[in-house]
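Visitor: I'd like a close look at just one part of this protein chain. Could you pick a single strand and walk me through its surroundings?

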Amino acid sequence: MSKTYYDPADLRKFGNITEWNEELGNKFFDYYGKVFEPGALTAREKSLIALAVSHTEQCPYCIDAYTKDGLQRGITKEEMMEAVHVGAAIKSGATLVHGVQMMNKVNKLEM
Amino acid sequence: MSKKSLLARNNELANTERQLNILSNGLFATGELPTFAKKIAETNQFPLRSKKLEILQINLGYMCNQVCAHCHVDAGPDRKEIMTKETMQQCLDVIRKTGAHTLDLTGGAPEMNPNFRWFVEEAAKVGIKDFIVRSNLTIIRANKKYHDLPKFFKKHTIHVISSMPHWTRGKTDKQRGNGVFDKSIKALQELNVVGYGIPGSKLQLDLVYNPSGAFLPGDQMALENDFKKALKEDFEIDFHNLFAITNLPISRFLDYLIASENYEEYMYSLVEAYNPVAVENVMCTNTLSISWDGWLYDCDFNQMLNLKVNSSVKHISEYNEELLQNRNISINQHCYGCTAGAGSSCQGVVA
């Protein structure tokens, strides 16, 4: 066993998942590639969305990949940080909006 | 950022043999990554051979007013290697009889060569089709004696190609030095004033983008659109094309890669992005690079690694175009820089 759960060098081995299930692996990578093609959204916009989601998913591989992808596209660090804040705002909002459920429950249970 | 060249700092990477040693060892010696020779052999492209000569690229000297962090020439104010008038004369003799349609002047800052204008005037008389000067822009603002360069370029219908790593001040100055962005913007505006870069103008102004860090350039067309939009909106600047160029792992960029512990990852990125289609059109197949002291190389990068042409003719004084055709190109692992993704050359993507 390796000493840590995450190894940066594993990212470039991602494609190897097809070795143990070629059909599903290829279907996934085809889908993935298609998703990031320019469509109604530009590839640049998609890259920033991916960067924000990488943070909310707390995926270190994805953060490495989409930070580099952003730099390659000329995306500035100010834009990247704003995107991360968008993800963070949704994350914290999602926590806090459950506060209403807590309030509802308190109101129901208390006399 | 250091204000001195690797050479002036006595950095071990000023030694070209040391650089070639690094590029041949490590990942490539253990077989973790294939050497460039092995990689191109997979698609039957070894040995890489030159085709018809189209571009003569002349390096007028390594002196420069800037000390860019990524510079493959290791250029700077402390470099004194400058082409003499005698070597220029030998170049002119070659320009007169060459079959090449493009003459590409580079450096350092080629304008800092004291005989630059004389050479341009003489070369212009020959009437070569595309006459390029690679200008770093700030030179135009560096000293009063350079202020009229835009007019000089215009007089000889020189095609100006200039470096501009980003449309924001922060990224530009980090790579090229403090104040470079503002001076570059002013220089571009002055070039626009005399007619350079205006849509439809025959005064061609192109920009070169290369990444300011250990990553590859993105899509050239998308970057061009972003540059055009930002430079127009923020500074009313027009230009024609953007060339996206990959940084090759030599000289100061190699020093940076090693010091920042990005070398291995960068080499992986280059090898993973290897594109055999780009190999077909790499610039060494149609270019000849001439150094300040008249030696002949397959490209400016090989010049900086002191890898002279594999030919019985090695110097401008004994130039023979026929003998230079179909020569085997000198290759090493730095060549992966020109074959990654859409490829890279002094004219941008090649695939």
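Guide: Here is a walk around one strand, starting with the strand itself and then stepping outwards.

Keep in mind that this is a predicted model. Our pick is strand E3 of chain B, which covers residues 130-135. Is E3(B) enclosed or not by the rest of the structure? Five of its six residues are buried, so E3(B) is largely enclosed by the rest of the structure.

Now for the neighbours. On the list of partners there is strand E2 of chain B, residues 102-106, which runs parallel to E3(B) and is joined to it by four bridges. You can find the pairing residue by residue: B:Thr102 has B:Asp130 as its bridge partner in E3(B), and B:Leu105 stands opposite B:Val133. How does the chain get from E2(B) to E3(B)? The path goes through helix H4 of chain B, residues 116-125, and this β-α-β crossover is right-handed.

E3(B) also pairs with strand E4 of chain B, residues 159-163. Again the sense is parallel, and there are four bridges. To spot this pairing in the viewer, look for B:Ser135, which stands opposite B:Ser162 in E4(B).

While you're looking along a strand, here's a handy general point: in a regular strand the side chains alternate between the two faces of the sheet.

Let's zoom out to the sheet. Eight strands of chain B make up an open sheet with mixed pairing, and their order is E6-E5-E4-E3-E2-E1-E7-E8. At the edges stand E6 (242-244) and E8 (296-297) of chain B; each has a single partner strand, so one side of each is left without a neighbour in the sheet. Over towards E6(B) there's a helix to look for as well: H9 of chain B, residues 220-235, lies across strand E5 (205-209) and E6, running at about 135° to E6(B).

Finally, the whole chain around our strand. Chain B has 14 helices and eight strands, and 52% of its 351 residues count as buried. Take the contacts in chain B between residues at least 6 apart in sequence: 74% of them join residues at least 24 apart. As for overall size, the C-alpha atoms of chain B fill a box of roughly 55 × 45 × 40 Å along the principal axes. The radius of gyration is 19 Å, which agrees with the value near 20 Å for a compact globule with 351 residues.

Technical notes:
Residues are numbered from 1 along each chain as its sequence is written. Chains are lettered from A and ligands numbered from 1 in the order in which they are written. This is a predicted model: local features need pLDDT of at least 70, side-chain atom pairs count only at pLDDT 80 or more; totals for chains, interfaces and linings use all residues. A residue is buried if 20 or more other C-beta atoms lie within 10 Å of its own, exposed if 12 or fewer, and partly exposed in between; C-beta atoms are placed from the backbone. Helices (H or I, at least four residues) and strands (E, at least two) are DSSP runs, numbered from the N terminus. Two strands pair if DSSP finds at least two bridges between them. A crossover is right-handed if, with the strands pointing away from the viewer, the path from the first strand over the helix to the second runs clockwise. Two residues are in contact if their C-beta atoms, placed from the backbone, lie within 7 Å. Axes are lines fitted to C-alpha atoms, for helices over the stretch in contact, and angles run from 0 to 180 degrees between N-to-C directions. The radius of gyration is taken over C-alpha atoms; the globule rule is 2.2 Å times the number of residues to the power 0.38.
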